[in-house]
Amino acid sequence: MWVDLLKSMLALTPSIVVIAFTNVDLAWSSMWPVILVAVVGVGGAMGDVVRWAFTRYRVTEDEVERHTGVFVRRTRTLRRDRIRSADTHAKLRHRIAGLRVVTIGAGQQVGAGEAALRLDALTKSDAAALREELLSGGSAESTEVAEPTGSTAERAEPLGKARPWWAVYNMFSVWAYVMAAGMLWGAYWILASVGVDVLGALSWAWDPGSRGWWWTIVLGLVACGLLGAVGMAVRYLTANWGFELDRVRRGDKEFLRTRRGLLSTREVNRDEARRRGLTISEPLLWRWMGMADTNIVTTGLSVWDPEEPTAILPRGPVRVARRVADRVLGEPCPLDAVLEPHPRAALRRRLWWATLGVLIPIGLIAWPWTTGLLPMWLVWVAVGAWLIALGGAWIAYRALGHAISGEYLVVRSGLAARATTALRRDAVSTIVVRQSVLQRRLNLCTVSARTAAGWGVYEAPDVSTSNGIEFARLTTGGVLDDFLAEADER
């Protein structure tokens, strides 16, 4: 609770200093941001007090329980044999107070995306003891961290590390402009609240009359991009400082553990028994720089979580990602398998869609252009968009591929992000082979492997019909044989 009070005071300190040492006009127009920060800070602190007063948790031999709520009491019960992860997280204010947030995952999620059970916050020693107990099956009465002995001793095998210079590759993104907009907006309100004429001070930079509109816009975009890039680099370094990936063995259990963070720390333990595969994704912009994202396909972890619990490496060189994949999946690594290319009909299908996607807007502007209502340069813009769409169709076609490698199926596809996924065949719960009208005319089909892990569906789009059915048969391990025999008879 005293951390909440300290956080609110720190948030108000700049405004208090300004009011005390400047002649700022104490009007509503200049003071409402200060009042808003005060209300939000006090409201959050009171909410934490109420949550602390009405929350209890208990760990038994079979279950973990949490009771919370004031007007509506909520009780969550989680069986210990269903627990798939026990993660610890600490923001700077938690670390100052010696606290940790423990998130216990079991594959369950509510509408808001909340984990199955979250305890915010326990003391550092209690959090470590609870995590050790839940992951290794220790005594439920333990409240201190015991020294590991015998067969339960923790043995860590390093698998990979992040490098600070990877921040250079994470600076340039459309999100840099979003971050720059947020930083500029905050700076504007802080300066405006103390009486600084921000727009007047920047009038020398924004002067279309002296340098022209185009150069002014280019200058503004470059300046905002550089500011956002610096912000993205700082964000990457603080979030992934000291990133380490280890394979941890506790008794007969194995976990993939990541640790990271400078101001806020986070440790995630992923049960190897729940792992179903691995994905290496290469976004289009970073593909030419040889960068990739590495995520495991597992049950019990949300792929929508902004903290990215499925990421076992931050965005980094693809050669490092493949080296880590080799060590995680074992030799021979299925991601190194030679993928079967898709037929040329798949390229034709993408070219047709790219052309139709541009011809429709061209048709809408054709009559206004012939009557002189629209300028000629719009036609050239449409032609340029068509050429870009054709290039995207070619890139998307080159990304297609599929293969069966041992106990894994491997699929690759994607334009904006070329994702290569190795999925265990015994984790596939459903196999779907579908054809659209155009696919039937081109003798193509899409094979979808559905699983309870990761995104849930992993597809091999636009495979030739014969190869697609054979790929589906090999994926299911003979389940389709009877259906195929009846189809052959008919």
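**Surface patches and cysteines**

1. Helix α1 is the largest contributor to the nonpolar patch, giving 3 residues. The model is a predicted one, and the points below should be read as such.

2. The nonpolar patch lies on the surface and consists of Trp 2, Leu 6, Leu 10, Leu 92, Ile 96, Trp 241, Leu 262 and Leu 263. Together these residues have about 810 Å² of accessible area. At least two residues of the patch come from each of α1 (2-21) and α3 (92-97).

3. Leu 262, one of the patch residues, sits in the loop that runs between β9 (253-260) and β10 (265-271). Its relative accessible area is 38%, so Leu 262 is classed as partly exposed. Patch membership requires over 30% relative accessible area, and the 38% of Leu 262 meets that part of the requirement.

4. A second patch on the surface carries positive charge. Lys 161, Arg 163, Arg 319 and Arg 323 gather there.

5. Within the positive patch, Arg 163 can be placed in the loop between β7 (154-161) and α5 (175-193). Arg 163 has a relative accessible area of 44% and is therefore partly exposed.

6. On the cysteines: how many disulfides does the structure hold? The count is 0. Cys 333 is buried, because its relative accessible area is 4%, and buried means under 20%. Cys 445 is also buried, with a relative accessibility of 1%.

Terms used. Residues are numbered from 1 along each chain as its sequence is written. This is a predicted model: local features need pLDDT of at least 70, side-chain atom pairs count only at pLDDT 80 or more; totals for chains, interfaces and linings use all residues. Side-chain values use heavy atoms; hydrogens and water are left out. Patches are made of residues with over 30% relative accessible area and no salt bridge: like charges are joined within 9 Å, nonpolar side chains (Val, Leu, Ile, Met, Phe, Trp, Tyr) within 5 Å. Accessible areas come from the Shrake-Rupley method with a 1.4 Å probe; for residues, only the protein chains shown count as cover. A salt bridge is a side-chain nitrogen of Lys or Arg within 4 Å of a carboxyl oxygen of Asp or Glu. Lys and Arg count as positive and Asp and Glu as negative; His and the chain ends are not counted. The place of a charge is taken as NZ of Lys, CZ of Arg, CG of Asp or CD of Glu. Helices (H or I, at least four residues) and strands (E, at least two) are DSSP runs, numbered from the N terminus. Buried means under 20% relative accessible area, exposed over 50%, partly exposed in between (1.4 Å probe, protein chains only). A disulfide is a pair of cysteine sulfur atoms within 2.5 Å.
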